[in-house]
Amino acid sequence: MTTTTMTTAAKSLSTTTTSPPHHPFVLSHPSDVDHRPTSTSSSSSTSASPRRGRVVCITSGKGGVGKTTSAASFACGLALRGRPTCVVDFDMGLRNLDIHLGVERRVVFDFVHVLNGECNLNQALIPDRNVDGLYMLAASQTRDKDALTLGGVERVLSELTSRFEYVVLDSPAGIESGARHAMYFCDDAILVTNPELSSCRDADKMIGFISSRSRRAEIGQPGCLSVSQTLLITRYDPVRAEAEETLAITDMKELLGLPVIGVVPESRDVLTCTNLGKPVISLGEGNPAADAYMDMVDRFLGQEKELRFVTPEPVSFFKRIFG
Ligand SMILES: Nc1ncnc2c1ncn2[C@@H]1O[C@H](COP(=O)(O)OP(=O)(O)OP(=O)(O)O)[C@@H](O)[C@H]1O
Ligand SMILES: [Mg+2]
């Protein structure tokens with residue numbers, strides 16, 4: 001579909017009845033962010049930045065695969081790399097991101113309050129106390145996903161992207177309303193999967209959904225590029241993969257046909273960090289899960305980095321003998 005044949009959904013978002021070239025979107029046309037410089041030198045890239053930030057959706061087909069864990073660490077990593085970032089909980093009625101970031105007691109207003117004009121964005125944004133440039137917008141705990149409207153979500157995202165370089169959406173699993181709204185406006189989608197067949201099969205459905213039902217897909221080429229989709233494999237255990245007890249990275253790449261943006265090892269530190277209210281990436285260099293998330297952030301920002309923690313650790317002579 002071209003810009004001149006907008007869908008009903010996109011038409012309903014119009015602020016004017018005139019047709020493109022002056023496109024009628026509230027959230028600016030996706031091509032506005034398609035030529036962002038990808039170097040990691042944030043200060044030099046800011047002046048060349050396009051008019052709005054990128055919307056990055058962390059999504060999955062299957063639930064419980066590590067989306068919220070990853071959204072918290074990814075957003076934190078972007079801010080640590082000097083990129084102003086807001087991470088938004090889209091899991092309406094079942095929010096969790098505030099716990100992962102340790103801000104649950106500071107939530108007063110949420111996404112739906114902003115959407116309904118019951119508060120302004122400043123009142124709802126929660127700045128992180130440890131990382132400069134990192135903010136969170138909570139999901140509503142009392143009102144469910146039916147409170148979301150396409151026009152309302154677009155307005156809030158438009159305001160967020162005018163202030164942040166990256167807006168990271170922690171989507172609920174699957175294709176119900178919250179997930180559909182998160183996916184619809186995204187510029188990048190990070191598909192989170194565990195190394196198991198059911199997780200991959202459900203991810204495959206999401207990939208198809210994003211390819212055909214996002215706003216970028218509806219506008220179509222050459223108007224804008226399609227959503228850039230990448231795969232984040234979490235809870236990877238190289239020993240089990242080598243023993244063929246779980247899928248290996250190559251299996252998943254082959255099954256899903258997406259580039260791998262990161263592989264996060266199975267780690268006991270993840271749950272400990274969640275309970276302490278800090279993203280696992282904050283454990284810093286030397287912690288495998290934290291390193292894996294930082295590598296993922298760097299790849300996302302355009303650096304080439306080898307995958308780490310994807311082969312079994314060599315077992316020492318003494319460990320082999322004495323266990
Ligand atoms: N790398 C990891 N190693 C060990 N456990 C992990 C890892 N990543 C996530 N987990 C665990 O997996 C569980 C689910 O994580 P999380 O809540 O982030 O998933 P989710 O995809 O957001 O779930 P939902 O679909 O319910 O929103 C949590 O118990 C978390 O601690
Ligand atoms: Mg979640």
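Which residues in α9 meet M252, L255 and L256 in α12? Hold on to that one, and keep in mind as we go that this is a predicted model.

Okay, so here's the answer: on the α9 side they are C200, A203, D204 and I207. Sort that contact by class and you get 6 nonpolar residues, no polar ones and 1 charged one. As for the geometry, α9 and α12, which is residues 249-256, pack at an angle of about 35°. Their axes are 10 Å apart, and the crossing is right-handed.

Now stay with α9 for a second, since it's also among the elements covering the buried residues of another helix, α8. Find residues 177-184 on your screen; that's α8. How many of its 8 residues are buried? The count is 7, so the helix is largely enclosed by the rest of the structure. The buried ones are G178, A179, R180, H181, A182, M183 and Y184. And what sits over them? Besides α9 (197-213), the cover includes the strands β1 (54-59), β5 (166-170) and β6 (188-193). Helices α7 (150-163) and α10 (215-219) are part of the cover too.

Last stop, ligand 1. It has 21 residues around it, and the closest are G63, G66, K67, T68 and T69. Which elements each supply at least two residues of that shell? Those are α3 (67-80), β7 (228-236) and α13 (268-276). By class, the shell around ligand 1 comes out as 10 polar, 7 nonpolar and 4 charged residues. Put that beside the contact of α9 with α12, where there were no polar residues.

That's my tour, thanks!

Terms used: Residues numbered from 1 in each chain as written. Chains lettered and ligands numbered in written order. Predicted model: local features only at pLDDT ≥ 70, side-chain atom pairs only at ≥ 80, totals over all residues. Near = placed C-beta within 6 Å. Helix = DSSP H or I, 4+ residues; strand = E, 2+ residues; numbered from the N terminus. Nonpolar A, V, L, I, M, F, W, Y, C, P; charged D, E, K, R; others polar. Buried ≥ 20, exposed ≤ 12 C-beta atoms within 10 Å, placed from the backbone. Contact = placed C-beta atoms within 7 Å. Axes fitted to C-alpha atoms, helices over the stretch in contact; angles between N-to-C directions. Left-handed = near helix turned anticlockwise from the far one by under 90°.
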